[in-house]
Amino acid sequence: MRTATLGSLGEVSRLTLGGGGIGQIWGDTSHDEATATLRAALYAGITLLDAAPTYRNCEAFIGEAFGGRLPAGVKVTTKHQLGTPPAGEVAARLTASLEASLEAMRLERVDLFFLHSNIHPDGFAYAHGDASKDSFSTAWSTYVDAAAPAFERLKAQGCIGGWGVTGIGIPTAVLSALEHTPRPDAIQVIANLMDSPGALKRYAEPARPREIAAAAKAHGLGVMGIRAVQAGALTAAVDRSLSPNSPDWADYDRAEPFRALCARWGEDPALVAHRYALSLPDIDTVVLGVKNRRELEQCVAAEAMGALEPGQMAEIDALGLRAR
């Protein structure tokens with residue numbers, strides 16, 4: 001499998017095994033299949049595991065599968081959805097979350113620790129869910145005054161190799177985080193052909209993921225692409241129940257021209273969507289949401305096929321599916 005440099009963390013595989021699928025939140029999978037998929041991912045050459053306590057059983061499965069002894073060269077991340085607590089509680093919450101993740105995975109440290117909540121400017125009002133924003137989004141002043149310094153302390157203590165932000169918050173705030181010192185070591189950014197965060201987007205303005213990825217690379221950050229198939233919207237069929245009003249379902253309907261194009265090419269939409277994400281210029285590694293070995297094999301095949309031809313990229317972009 002090809003590799004890329006993920007900022008200060010060094011070389012990683014072009015595919016990352018995400019924890020949502022094996023953690024049993026992206027459709028049905030068994031305990032045995034999840035752990036078999038973990039092992040198969042490493043056998044295929046994947047060297048980065050993207051975990052989080054919110055991914056249900058993911059961290060426990062990692063601990064069980066490897067017994068606290070990851071194979072040489074394998075790196076692991078975890079996350080914490082901090083929200084906006086009182087500033088005096090931030091460091092303790094981050095530390096407690098990290099310690100719980102390390103215990104579950106039976107590890108002494110992680111390579112990256114991500115702020116899993118959005119970042120929003122002070123005083124910002126979300127278009128959807130504003131009343132509960134303190135639970136899912138971190139105010140700029142909390143990020144600057146408490147969160148970033150706490151991450152830096154954990155890094156200095158050797159508990160984490162680096163830290164990052166989930167770049168799906170308000171674009172102006174995410175871009176400000178890339179300019180602020182101390183900067184994160186890595187960022188997770190939407191990387192799909194629709195530029196769509198789907199149900200993760202609670203604000204009205206454009207998401208601007210390609211601009212965010214380019215800015216991150218310009219500052220030397222590692223860039224992890226997420227949602228390559230946009231929660232199933234870019235696959236042949238969504239494999240879980242969704243509300244008819246779900247943004248992910250709306251994206252699935254909107255992506256019908258893409259599925260028709262893939263049919264003309266004789267290709268599976270999910271495979272093409274992963275190749276598209278891997279073809280984006282500023283993405284170091286693409287995080288997979290697979291839940292079994294069959295899905296993993298398709299993604300590994302997509303990586304082995306290499307980047308899409310420029311003409312193919314142009315034909316997909318000409319469908320007009322990118323969010324505005």
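In this predicted model, helices α11 and α13 are roughly perpendicular to each other. The axes of α11, which spans residues 269–279, and α13, which spans residues 310–317, cross at roughly 110° and come within 11 Å. This crossing angle falls in the range of 65 to 115 degrees, and the pair therefore counts as roughly perpendicular. On the α11 side the contact is made by Val272, Tyr276 and Ser279, and on the α13 side by Met313, Ile316 and Asp317. By class, four nonpolar residues, one polar residue and one charged residue take part in the contact of α11 with α13.

A second arrangement is found for helices α9 and α10. Helix α10 covers residues 256–265, and its axis comes within 5 Å of that of α9, with a crossing angle of roughly 45°. That angle makes α9 oblique to α10. Tyr252, Asp253 and Arg254 of α9 meet Glu256, Pro257 and Arg259 of α10. The residues of this contact comprise four charged and two nonpolar, with no polar residue.

Helices α7 and α8 provide a third case. The axes of α7 (residues 171–179) and α8 lie 10 Å apart, and the two helices pack at an angle of about 5°. Angles under 35 degrees count as roughly parallel, and α7 and α8 are therefore roughly parallel to each other. From α7 the contact draws on Pro171, Val174, Leu175 and Leu178, and from α8 on Glu211, Ile212, Ala215 and Ala216. Seven of the residues in the contact of α7 with α8 are nonpolar and one is charged, while none is polar.

The strands β3-β4-β5-β6-β9-β10-β11-β12 form a closed barrel of eight strands with parallel pairing. Neighbouring strands of this sheet are turned against each other by 30° on average, direction ignored. Within the barrel, strand β4, made up of residues 48–50, runs parallel to strand β5, made up of residues 75–80, and three bridges join the two. In this pairing, Asp50 stands opposite Thr77 of β5.

Empty space within the model was examined next. Rolling a probe the size of a water molecule over the atoms shows where such space is left. One cavity of 30 Å³ or more was counted, and the volume of the largest cavity is about 50 Å³. The lining of the largest cavity consists of Gly167, Ile168, Val189, Ile190, Pro197, Tyr203, Ala207, Pro209 and Ile212. At least two residues of this lining are supplied by each of β10 (186–190) and α8 (209–218). Ile212 thus belongs both to the lining of the largest cavity and to the contact of α8 with α7. By class, the lining of the largest cavity has eight nonpolar residues, one polar residue and no charged residue.

The second largest pocket holds about 260 Å³ of space. Its lining is made up of 16 residues, and those nearest the centre of the pocket are Ser196, Pro197, Gly198, Lys201 and Ala323. Pro197 also appears in the lining of the largest cavity. Helix α9 (residues 247–254) contributes three residues, the largest share of the lining of the second largest pocket. The residues lining the second largest pocket divide into seven nonpolar, six charged and three polar.

Technical notes
Residues are numbered from 1 along each chain as its sequence is written. This is a predicted model: local features need pLDDT of at least 70, side-chain atom pairs count only at pLDDT 80 or more; totals for chains, interfaces and linings use all residues. Side-chain values use heavy atoms; hydrogens and water are left out. Two strands pair if DSSP finds at least two bridges between them. Helices (H or I, at least four residues) and strands (E, at least two) are DSSP runs, numbered from the N terminus. Axes are lines fitted to C-alpha atoms, for helices over the stretch in contact, and angles run from 0 to 180 degrees between N-to-C directions. On a 1 Å grid over the protein atoms alone, a cavity is a set of points where a 1.4 Å probe fits but cannot get out, and a pocket is an open set with protein on both sides within 12 Å along at least five of seven lines; lining residues have an atom within 4 Å of a point. Grid points are joined across faces, edges and corners, and a volume is the space filled by probe spheres set on the points. Ala, Val, Leu, Ile, Met, Phe, Trp, Tyr, Cys and Pro count as nonpolar, Asp, Glu, Lys and Arg as charged, and the others, Gly among them, as polar. Angles under 35 degrees count as roughly parallel, over 145 as roughly antiparallel, 65 to 115 as roughly perpendicular and the rest as oblique. Contact means heavy atoms within 4.5 Å.
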